[in-house]
Amino acid sequence: MKTFNLIIAGVGGQGGVLASRVFAEAALAAGYKVRTSETIGMAQREGSVISHVRVGERLWGALIPDGAADVLLSLELAESLKGWPKLAPKGQAVINRRPIIPPAASLGLTRYDEGAIIEFLQQQGQRVHLIDATAAALETGNAKTTNMVMLGALSTLPGLPVTAELLWQAAEDILPARLREINRRAFLAGRSLGSCAGTAPLVS
Amino acid sequence: MNRLAEPPRRLLMGNEAIAWGAIEAGVRVVAAYPGTPSTEVTENILQHAADYGIYAEWSVNEKVALETAIAASWTGDRAMACMKQVGLNVASDPLMTLTYLGVKGGLVLIVADDPGPHSSQTEQDTRLFARFAKLPVLDPATPAEAREMVKAAFQLSEDLQVPVIVRPTTRTAHVCQDMPFSPPPKPALPLPPVRFERDPGWVILPALSAKRHRRLNAIQDEVRRWFLQRRLNGITPTWDEGESVSPTALAGCANKAKDLAIVAGGVAYNYVQEGLDTLGVSIPVYKVGAPVPLPAAPILDFLRGKTSVLIVEEQEPVIEEQLTVEAYRTGFALSIIGKHSGHLPREGEFSTDLLLPLLRRFVTDSIHCNRSPAHSASAASIAQAAQGRSADAAASTEPAITTIPAASNKSAATSETANSAVTPALPSPPLRTPILCAGCPHRNSFYAFIQAARSRDALFTGDIGCYTLGAMPPLGAADTIVCMGASVAMAAGFSHIEPDRPHIAFLGDSTFFHSGIPPLINAVYQQARMTLVVLDNRTTAMTGHQPHPGLGRKGTGETAPTIDIAAVARGCGVEWVRTVDPYDIPATIAAAREALDYPGVSVIIARRDCVNLVRRSTPYRIDAEACRRCGLCLRKFGCPALYEVKDTGGEAGDKGQMGKPAVAIAREKCFGCGACAQVCPWKAISPEVES
């Protein structure tokens with residue numbers, strides 16, 4: 001099997017690292033070799049966070065080269081731009097369309113041009129899937145499940161090395177028991193967002 | 001010459017000469033921890049401190065001493081920290097960061113080495129430490145030279161904005177030498193005041209660190225050029241007071257001797273010259289007074305036409321290794337005799353007696369004669385073998401030794417541009433730096449102190465932990481950040497230099513136990529006037545919520561004794577200690593004002609659990625009608641749950657607020673701490689009503 005490369009972008013605190021761990025564990029359960037690289041420490045405090053997940057049979061480094069990611073999963077709108085150079089020309093992107101405006105933008109130190117970002121992403125055609133994962137997460141009662149909504153949406157893409165069942169199983173194993181139900185609802189909400197968007201048939 | 005115009009010759013001990021060198025250079029702050037053989041430097045400074053307007057102290061340890069000196073340097077004063085070689089280990093944390101950030105006023109470290117050792121637990125070579133830190137080192141051979149080198153070190157430090165180490169060894173520090181000396185004229189006191197100027201360059205953050213590391217590497221060649229311009233190294237060094245060697249050759253060796261040369265560093269130079277004198281041999285000696293970073297090219301120039309060089313330096317082969325690398329790199333064919341060849345020990349102190357047999361062999365024996373190791377009589381030398389191979393390969397090549405290769409950082413330069421070219425149409429994403437979490441109690445503490453103190457132009461010294469992010473806009477609540485614990489020592493240091501300005505150190509609870517206690521003791525002992533704010537969020541938050549001695553549990557989860565921070569502070573001698581809840585902003589501001597009015601060391605413990613360890617409560621909302629759009633909550637407080645609503649409907653904007661965007665709270669991010677409601681002057685923020 002060719003190596004499958006997944007980039008997860010987001011803002012520190014959104015659970016991107018957990019999402020990458022869930023995907024990695026699912027891939028391990030599917031019988032593949034796995035490498036991940038995660039951003040932790042200071043950068044995670046509302047900073048830009050990019051995680052790399054590599055799945056396959058013959059792996060070397062954990063960092064995905066530019067233009068080699070099969071899928072870009074972005075938990076925040078503008079962060080998708082930071083992960084974009086990693087995406088392969090025919091790679092697919094699942095992007096939470098909900099912006100997180102950095103305080104620096106309100107202070108006039110930087111610019112968050114939501115319109116330009118949406119326009120750029122729409123120009124990319126069928127391979128970009130914009131969803132409001134934050135809204136779906138809030139419906140479960142906790143915005144912190146945004147990462148699980150995104151994983152649910154991701155699970156609807158064709159060509160993944162893991163099934164939706166394996167993904168959820170891995171999430172269930174990692175999450176503390178008291179959070180499982182709310183995250184399960186979030187994962188299912190993500191799956192319906194992914195399939196309702198008409199982007200792809202359900203896996204499994 | 002009129003002898004009356006000459007200063008009288010006085011006998012000065014090396015450490016005394018160093019002290020006078022510093023006083024002559026206009027040092028204004030000296031902090032030190034005693035340690036043989038460095039102690040008398042500070043003893044002598046303290047003795048003359050009052051006369052020359054110098055602030056000098058025995059700090060509680062070398063780290064605190066260096067941090068005190070850093071504070072002074074950053075105000076523009078010349079500052080000095082003194083210690084012995086093992087003391088540098090203690091001071092290494094601030095030193096390694098200081099090398100990146102650099103200095104303003106000249107900052108000189110006197111680090112005395114103790115080969116032997118006579119009075120130390122290790123024989124470590126400070127020059128190796130300096131290579132590790134990428135710092136210039138001056139290595140005096142005599143007390144007179146040490147005095148001049150200290151003055152040069154201050155100049156070098158200011159010229160290139162790096163700290164500089166002067167490294168006397170026991171036989172410089174504890175040697176007495178006659179030299180022309182009269183004390184410098186006493187200045188009119190008090191000296192003109194200095195003031196710390198805020199600059200983002202004094203706050204170490206990863207992005208700055210990456211930039212400054214490139215700069216530190218880039219100035220290494222500038223340092224080498226500086227050494228050469230000042231003739232700190234060379235065949236006739238500036239401060240070589242020794243007698244010239246008579247050119248009578250040892251019987252039977254006249255021909256061989258002209259193929260030989262010696263390179264000697266520090267005090268070893270004296271033993272070499274005396275040894276040659278004793279043997280009655282004339283061999284050119286290149287003296288190295290500035291071994292790190294070594295300007296190797298002129299030494300190779302000096303060695304051109306020679307077949308063998310003897311490198312003599314106490315302790316580690318610092319000169320030898322740098323020279324060997326450069327010789328090999330430039331294809332220079334030469335037999336190098338020293339420590340790697342097994343001819344000189346890496347341990348213990350040198351002496352003329354120790355060197356004499358080797359010098360004799362060097363002149364008469366075959367240890368230098370054969371350039372090929374296959375024919376060499378002294379087969380033990382790995383270095384020689386390497387040199388022999390290079391000799392064959394490069395025999396016909398003109399050695400390229402006239403220029404020092406420029407240090408470059410190509411990989412860093414190319415990686416910066418690599419990403420941008422992939423998709424030209426990519427819009428630029430917003431800058432997103434890490435910031436304090438929504439609901440973080442540290443934001444309230446910073447805000448309270450800004451309210452209480454910024455009108456008095458207070459200085460905020462920051463530290464390492466989550467609260468480093470207090471440096472970010474809009475709080476900007478860190479004027480300096482160096483290393484863990486430095487905030488406390490530096491605030492105290494600043495207070496001795498700028499007594500009219502409030503100085504406030506911020507430190508986390510875990511950092512308090514890590515390295516906050518010694519500088520707190522020092523601040524009390526030295527009678528500083530400062531406030532320490534312990535930002536106590538009951539965990540080690542940045543790294544993932546590890547426990548510390550204040551929490552009553554261990555890493556395994558087992559219960560443990562609880563060490564109370566307030567009690568420790570009182571035990572350190574702090575008389576004004578108060579614990580506040582930073583979620584009560586008015587009370588925190590009031591406590592901050594009281595603390596700042598206290599004429600000594602005050603400690604405020606701002607205690608509230610990390611938001612990542614407790615449940616959030618009811619989120620807050622902004623009443624759009626009551627909001628006057630002053631932006632204070634956003635622009636002064638800066639909770640990340642607050643954001644501007646760009647496209648307001650016409651009806652939402654009332655008169656007088658035209659064009660100003662409204663502020664809203666991102667429900668999913670709001671922690672429900674209510675700080676914004678306390679900050680809002682219009683009472684426009686309140687908890688959501690449960691539906």
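Which residues do ring pairs link into a cluster? They are Phe446(B), Phe449(B), Phe460(B) and Phe506(B), where rings of Phe, Tyr and Trp (its six-membered ring) pair if their centres lie within 6.5 Å. Please keep in mind that this is a predicted model, in which local features need pLDDT of at least 70, side-chain atom pairs count only at pLDDT 80 or more, and totals for chains, interfaces and linings use all residues. Residues are numbered from 1 along each chain as its sequence is written, chains are lettered from A in the order in which they are written, and side-chain values use heavy atoms, without hydrogens or water.

**Confidence**
- The complex receives an ipTM of 0.87 and a pTM of 0.88 from the predictor.
- For chain B the average pLDDT (the predictor's confidence in each residue, from 0 to 100) is 88, and 86% of the residues score at least 70.
- In chain B, residues 243–255 have a pLDDT below 50, and this stretch has 20 contacts (heavy atoms within 4.5 Å) beyond near neighbours in sequence.
- Residues 650–656 of chain B are also below 50 in pLDDT, with two such contacts.
- Where pLDDT is low, predicted coordinates should not be read in detail.

**Annotated cysteines**
- An unreviewed UniProt entry lists Cys639(B), Cys670(B), Cys673(B) and Cys676(B) under "binding site"; positions follow the numbering used here, feature names are shortened, and annotations may be inferred rather than shown by experiment.
- These cysteines cluster in space, with a largest C-alpha distance of 10.7 Å, although they are spread over 38 residues of sequence.
- Cys670(B) sits in the loop between β21 (662–665) and α24 (675–679) of chain B, where helices (H or I, at least four residues) and strands (E, at least two) are DSSP runs numbered from the N terminus.
- Cys670(B) counts as buried (under 20% relative accessible area, 1.4 Å probe, protein chains only) because its relative accessible area is 7%.
- Leaving aside neighbours within four places in sequence, Cys670(B) has contacts that include Arg616(B) and Tyr620(B), while those of Cys673(B) are Gly439(B), Tyr583(B) and Tyr620(B).

**Aromatic rings**
- Over all chains, there are 14 aromatic pairs.
- Trp84(A) and Phe120(A) pair edge-to-face (planes over 60 degrees apart), at 5.3 Å centre to centre and 75 degrees between the planes.
- Trp84(A) and Phe120(A) are both buried.
- Phe460(B) and Phe506(B) form a tilted pair (planes from 30 to 60 degrees apart), at 5.2 Å and 50 degrees.
- This pair links strands β14 and β15 of chain B, its residues being 46 apart.

Notes
Buried < 20%, exposed > 50% of the residue type's maximum accessible area, 1.4 Å probe, protein only.
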